[in-house]
Amino acid sequence: MTTTKIAIVTGSSSGIGEATARALAAAGYTVYLGARRLDRLRAIAADIQGHALPLDVTDKGSVQAFAAALPSQVHVLVNNAGGAIGLGPVAEFDEDQWLAMFQSNVLGLARMTRALHGRLQASGDGHVINIGSVAGFETYVGGAGYTAAKHAVRAISDTLRLEWLGQPMRVTEIDPGLVETDFSLVRFDGDAARAAKVYADTRPLSAGDVADAVVWAATRPAHVNIDQIVIRPTDQARADKVFRRTGV
């Protein structure tokens, strides 16, 4: 019998994933961290007395190996791995970029949920928390690939609630707006100057702001399901409507 609750966080080597792993550990969970950057992952796990395991959610074999190394019961799965690549119009879309986004954001989430379903159910209080985005219900010029992927995350989250009705399982979708992480650096293929402009002259969310929401949703009573949390900075009204000023 598990004595402490077990939480799994994918994409936990940086950004929202790292902040979430740290916050869940601080809340008393035993955290298993999964990501491709194993050296970074091990350092974080050592800080929080967690467990670092290699994980590439785009690879079925990697997901299976990760799941096989977990305890028989899991209470929380945070599907955080994903991200955006590129910012081109549909008429010129890069098929490899779109495939990569769907592999990580959509199929990776589905692979992890499938692999851990039995363990989540066995806990008697399983909870899947999907990190979506305001891009899951909004669109913007150049963002069709990413918004399509995050719209799919929302559809999966809604469908899981229907499929798991009557089971001891909860599903939460957390949809952040502008968060200052390495998100834009990845989107722009390492172009730091271009990435910095995304956050310039504004006050974005931090990864910790999103992690706070994850922990709050996870620690509600078992009969309470937080379907969706939308979090934006006060300087943002829509995905593409951000207030900018000097001196921030």
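This report covers the sheet of a predicted model, the helices around that sheet, and one helix residue, Ala-115.

**The sheet**

Seven strands make up an open sheet. Their order is β3-β2-β1-β4-β5-β6-β7, with parallel pairing. The edge positions belong to β3 (51-54) and β7 (228-231). Each has a single partner strand, so one side of each lacks a neighbour in the sheet. From one strand to the next, the twist averages 15°.

Strands of a sheet pair through backbone hydrogen bonds, in either a parallel or an antiparallel sense. The table lists three of the parallel pairs here, each with one example of bridge partners.

| Strand pair | Bridges | Bridge partners |
|---|---|---|
| β1 (residues 6-10) and β2 (residues 30-35) | five bridges | Val-9 and Leu-33 |
| β4 (residues 76-79) and β5 (residues 126-131) | four bridges | Asn-79 and Asn-130 |
| β5 and β6 (residues 169-176) | six bridges | Ile-129 and Thr-172 |

**Helices on the sheet**

Helix α2 (residues 38-48) packs on the sheet and touches β2 and β3. Its direction makes about 165° with that of β3. Helix α3 (residues 60-68) packs on the sheet as well. Helix α3 touches β1, β2 and β3, and its direction makes about 155° with that of β3.

**Strand β5**

How many of the six residues of β5 are buried? Six of the six are, and the strand is mostly covered. Both faces are covered. Gly-126, Val-128 and Asn-130 lie on one side, with His-127, Ile-129 and Ile-131 on the other, and all are buried. Two of these residues appear in the table: Asn-130 is the bridge partner of Asn-79, while Ile-129 has Thr-172 in β6 as its partner.

Strand β5 also takes part in two β-α-β units. The chain runs from β4 through α4 to β5, and this crossover is right-handed. β5, helix α5 (residues 144-163) and β6 form a right-handed unit too.

**Ala-115 in helix α4**

Ala-115 sits in helix α4 (residues 95-122), the helix that the chain passes through between β4 and β5. Is Ala-115 buried, partly exposed or exposed? Its relative accessibility is 26%, so Ala-115 counts as partly exposed; the buried class ends at 20%.

Which residues does Ala-115 contact, apart from neighbours within four places in sequence? They are Val-63 and Ala-67. Gln-64 is 51 residues from Ala-115 in sequence. In space, the C-alpha to C-alpha distance between Gln-64 and Ala-115 is 6.7 Å. Helix α3 spans residues 60-68, the stretch that holds Val-63, Gln-64 and Ala-67.

Key. Residues numbered from 1 in each chain as written. Predicted model: local features only at pLDDT ≥ 70, side-chain atom pairs only at ≥ 80, totals over all residues. Heavy atoms only, no water. Buried < 20%, exposed > 50% of the residue type's maximum accessible area, 1.4 Å probe, protein only. Contact = heavy atoms within 4.5 Å. Pairing = 2+ DSSP bridges. Axes fitted to C-alpha atoms, helices over the stretch in contact; angles between N-to-C directions. Right-handed = clockwise from strand over helix to strand, strands pointing away.
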